[in-house]
Amino acid sequence: MYIIAMIILVFFAVIGLCAFITALLDRLYQNSVESELFLKNLVPDSAEARIRSAARICLRHSGIRLVCVCDEDDPAYDICRLMQKEYPFM
């Protein structure tokens, strides 16, 4: 029984060490990367949902800016301006 417990302990220790190293490398990599996520062809009906979805991605990966590409006379432009107040990285 002792051998089985030690095997399980070593197994989970290796998994924990791999998870720690992965988290550490992700944190180091995220702080050094400045990138942008572009949203094009926004339709007013789905613009808010697409922006919120992209904002969740930007929040999960810090350092990413969200850029919406649309004309000023487009109805989706007004939605983008309103969402910009809620998400400052936009």
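**Salt bridges**

I call it a salt bridge when a side-chain nitrogen of Lys or Arg is within 4 Å of a carboxyl oxygen of Asp or Glu. By that rule I count three salt bridges. Before going on, a note to myself: this is a predicted model, so I take local features only at pLDDT of at least 70 and side-chain atom pairs only at pLDDT 80 or more, while totals for chains, interfaces and linings use all residues. Residues are numbered from 1 along each chain as its sequence is written, and side-chain values use heavy atoms, with hydrogens and water left out.

I started with Arg65, which forms a salt bridge with Glu36; their closest N and O atoms are 2.3 Å apart. Arg65 sits in strand β2 and Glu36 in strand β1 (residues 35–40), so this pair ties together parts that are 29 residues apart in sequence. My helices (H or I, at least four residues) and strands (E, at least two) are DSSP runs, numbered from the N terminus. For accessibility I use a 1.4 Å probe and protein chains only: buried is under 20% relative accessible area, exposed is over 50%, and partly exposed is in between. Arg65, at 43% relative accessibility, is partly exposed, and Glu36 is partly exposed too, with a relative accessible area of 36%.

Next I looked at Arg52. Its salt bridge with Glu48 has the closest N and O atoms 3.1 Å apart. The two are four residues apart in helix α2, which separates them by about one helical turn. As a reminder, an α-helix has 3.6 residues a turn, so residues three or four places apart point the same way. Glu48 is partly exposed at 40%, and Arg52 is partly exposed at 27%.

Which side chain meets Arg52 in a salt bridge at 3.0 Å, N to O? I found Glu86 there. Glu86 lies in helix α3 and Arg52 in helix α2, so the pair ties together parts that are 34 residues apart in sequence. Salt bridges that share partners thus join Glu48, Arg52 and Glu86 into one network. Glu86 is partly exposed, at 44% relative accessibility.

**Helix α3**

I then asked which residues of helix α3 (residues 75–86) are buried. They are Ala76, Cys80 and Met83. They cover an arc of only 70° around the axis (taken from the directions from the helix axis to the C-beta atoms), which puts them on the same side of α3. I see these buried residues packing against α2 (47–60) and β2 (64–69); contact here means heavy atoms within 4.5 Å. The face turned away from the buried side carries the exposed residues Leu82 and Lys85.

**Leu66 in β2**

Leu66 belongs to strand β2 and is buried, with a relative accessible area of 2%. Leaving aside neighbours within four places in sequence, I list its contacts as Leu37, Leu39, Ile51, Ala54, Ala55, Cys58, Phe89 and Met90. I also checked Leu66 against Phe11, 55 residues away along the chain: their C-alpha atoms are separated by 41 Å.

**Cysteines**

How many disulfides does the structure hold? I found zero, taking a disulfide as a pair of cysteine sulfur atoms within 2.5 Å. For Cys58, the closest cysteine sulfur is in Cys68, 9.4 Å away, too far for a bond. Cys58 is buried at 4% relative accessibility, whereas Cys18 is partly exposed at 47%.

**Surface of α1**

I noted a nonpolar patch on the surface formed by Met1, Ile4, Ile8, Phe11, Phe12 and Ile15, with about 690 Å² of accessible area together. Areas come from the Shrake-Rupley method with a 1.4 Å probe, and for residues only the protein chains shown count as cover. My patches take residues with over 30% relative accessible area and no salt bridge, joining like charges within 9 Å and nonpolar side chains (Val, Leu, Ile, Met, Phe, Trp, Tyr) within 5 Å. From this patch I picked Phe12, which is in helix α1 (residues 2–32) and is exposed at 52% relative accessibility.

**A backbone angle**

Last stop: Asn41, in the loop between β1 and α2. Its phi is near 55°, a positive value in a residue other than glycine. Most residues other than glycine have a negative phi. Asn41 is exposed, at 67% relative accessibility.
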